[in-house]
Amino acid sequence: MTETLFDVIVVGAGYSGLAASYHLKEHCLNHIIFERGKIGESWRSQRWDSFRFNSTNKLNVLPGEDTEPADPDSFSSAPTFVSALEQYVKINQLPVVENSKVISIEKPGEVFVVSVSGNNEIKKYFCKQVLIASGAANEIRVPSLSKNISKDIMQLHTSEYKNADQLPNGAVLVVGSAQSGCQITEDLLNAGRKVYLSTSMVGRIPRWYRGKDIFYWVREAKFYDIKAEEIKDPRMLELRPPQITGTGSGRDSMSLQSLSKRGAVIVGKMKDATESTVFFQQDATQHVKFADEFSQKVKKMVDDHIIENNLSAPPAHYDEADIPC
């Protein structure tokens, strides 16, 4: 047990946790960061080999870093990003404790009691505030119906997938058509695999629009400044990450129709499974339409922003993958 009373305990040494630590240190707040593995563990161990960020390097700078990094318009790989996080910790001397898993947080009185497992022992730490920066996708969640499928059929979660060579010969079923599902489908197609993609209601955003990367416009339009309580439709808070890719030309979009054109078989949402048979809903067309309409709304938001602010921007370039069906 340690009797030190920290101002803040941060859980997670990824992008958000390190950014928070930088500002906490800047304000002379006594704090510590616990990371279950190594710095940037999720990026380090839960990404596939060909993974690239969806946003360009100039949009991924941490507090205090040069706003114009090397290769500002490139899309970083996971190892490159992890290396940058490690360097950031070293330069700014941030108080990261690796291989320390937070197993419980309680507040029996006026302060928080944080139990941390590491080096085969459990220690308790005390703090006035706790900041959770562990991310939303670091725990494996698999639909219960997967248990119906024969153990002779290999199943992997996206966090476990590295490359096509991991998989037995033959066709592959990818379940889920948000960012990871579509990008892994792309990776498998690049490896010459036959792929079936089970879809769901996921939006799509264009990679490049009106002369800029889409995230440039999203940021300029102050989309990220909208607070949760300002969202009128609560369903917006439950949307999955939209379809987009950081591979390829950096100008062309990814869509269900572009993956289909490359050979992927687009099917509906997975609804049931037996040992050797999987059943799908007949809703793939609805999912394609939803993604098309979502992209159109995003582009309208950009167009409106350009008009309202009297900005000069070129017309949209031809982007075959973003053309509605």
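By class, two nonpolar, five polar and two charged residues make up the lining of the largest cavity in this structure, which is a predicted model. The residues concerned are Trp48, Ser50, Phe51, Arg52, Gln183, Glu186, Thr245, Gly246 and Thr247. The volume of this largest cavity is about 40 Å³, and the count of cavities of 30 Å³ or more comes to one. As background to such a search, rolling a probe the size of a water molecule over the atoms shows where empty space is left.

Two of the lining residues, Trp48 and Phe51, lead on to the aromatic side chains, since both also belong to a cluster in which ring pairs link Tyr15, Trp43, Trp48, Phe51, Phe53 and Phe81. Across the whole structure, the search finds twelve aromatic pairs. For Phe51 and Phe53, the ring centres are 5.8 Å apart and the planes stand at 70°, so this pair is edge-to-face. Are Phe51 and Phe53 buried or exposed? Both of these residues are buried. Phe51 thus takes part in three of the features described here: the lining of the largest cavity, the edge-to-face pair with Phe53 and the aromatic cluster.

The next feature is the sheet. Six strands form an open sheet in the order β3-β2-β1-β6-β5-β4, and the pairing is mixed. The edges are taken by β3 and β4, each of which has a single partner strand, so one side of each is left without a neighbour in the sheet. In general, strands of a sheet pair through backbone hydrogen bonds, either parallel or antiparallel. Both arrangements can be followed here from β6. Strand β1 (residues 5-11) runs parallel to strand β6 (residues 121-132), with six bridges joining the two, and Val10 stands opposite Leu131 of β6. On the other hand, strand β5 (residues 112-118) runs antiparallel to β6 and is joined to β6 by seven bridges. In this antiparallel pairing, Phe112 is placed opposite Cys127 in β6, while Ser115 is placed opposite Lys124 in β6. How many residues lie between β5 and β6 in their hairpin? There are two, and Asn119 in the turn has a positive phi of about 55°.

Side-chain contacts add to this picture of the sheet. Over the whole structure, twelve salt bridges are found. One of them joins Lys128 and Asp7, at 3.4 Å from N to O. Because Lys128 belongs to strand β6 and Asp7 to strand β1, this pair ties together parts that are 121 residues apart in sequence. The bridge therefore connects two strands that are also joined by six backbone bridges. Its two partners can be told apart by their accessibility: Lys128 is partly exposed, with a relative accessible area of 43%, and Asp7 counts as buried at 18% relative accessibility.

A further salt bridge is formed by Lys38 and Glu98, whose closest N and O atoms are 3.3 Å apart. Here the link is between loops: Lys38 sits in the loop between β2 (31-34) and α2 (41-45), and Glu98 in the loop between β3 (96-97) and β4 (101-106), with 60 residues separating them. Lys38 is partly exposed at a relative accessible area of 36%, and Glu98 likewise counts as partly exposed, at 27% relative accessibility.

Asp292 and Arg204 provide another example, with their side chains meeting in a salt bridge of 2.9 Å, N to O. Asp292 lies in helix α7 (residues 284-308) and Arg204 in the loop between β8 (195-198) and β9 (208-209), so the pair ties together parts that are 88 residues apart in sequence. Both residues are buried. This contact does not stand alone, as Arg204, Asp292, Lys299 and Asp322 are linked in a network of salt bridges.

Finally, a glance at one of the loops. Gly170 is found in the loop between β6 and β7 (172-175) and counts as partly exposed, at 41% relative accessibility. How far apart in space are Gly170 and Gln93, C-alpha to C-alpha? They are 49 Å apart, with a separation of 77 residues in sequence.

Methods:
Residues numbered from 1 in each chain as written. Predicted model: local features only at pLDDT ≥ 70, side-chain atom pairs only at ≥ 80, totals over all residues. Heavy atoms only, no water. 1 Å grid on protein atoms, 1.4 Å probe; cavity = no way out; pocket = protein on both sides within 12 Å on 5 of 7 lines; lining within 4 Å. Points joined across faces, edges and corners; volume = space filled by probe spheres on them. Nonpolar A, V, L, I, M, F, W, Y, C, P; charged D, E, K, R; others polar. Pairing = 2+ DSSP bridges. Helix = DSSP H or I, 4+ residues; strand = E, 2+ residues; numbered from the N terminus. Salt bridge = Lys/Arg side-chain N within 4 Å of Asp/Glu carboxyl O. Buried < 20%, exposed > 50% of the residue type's maximum accessible area, 1.4 Å probe, protein only. Phe/Tyr/Trp six-rings, centres within 6.5 Å; stacked < 30°, edge-to-face > 60°.
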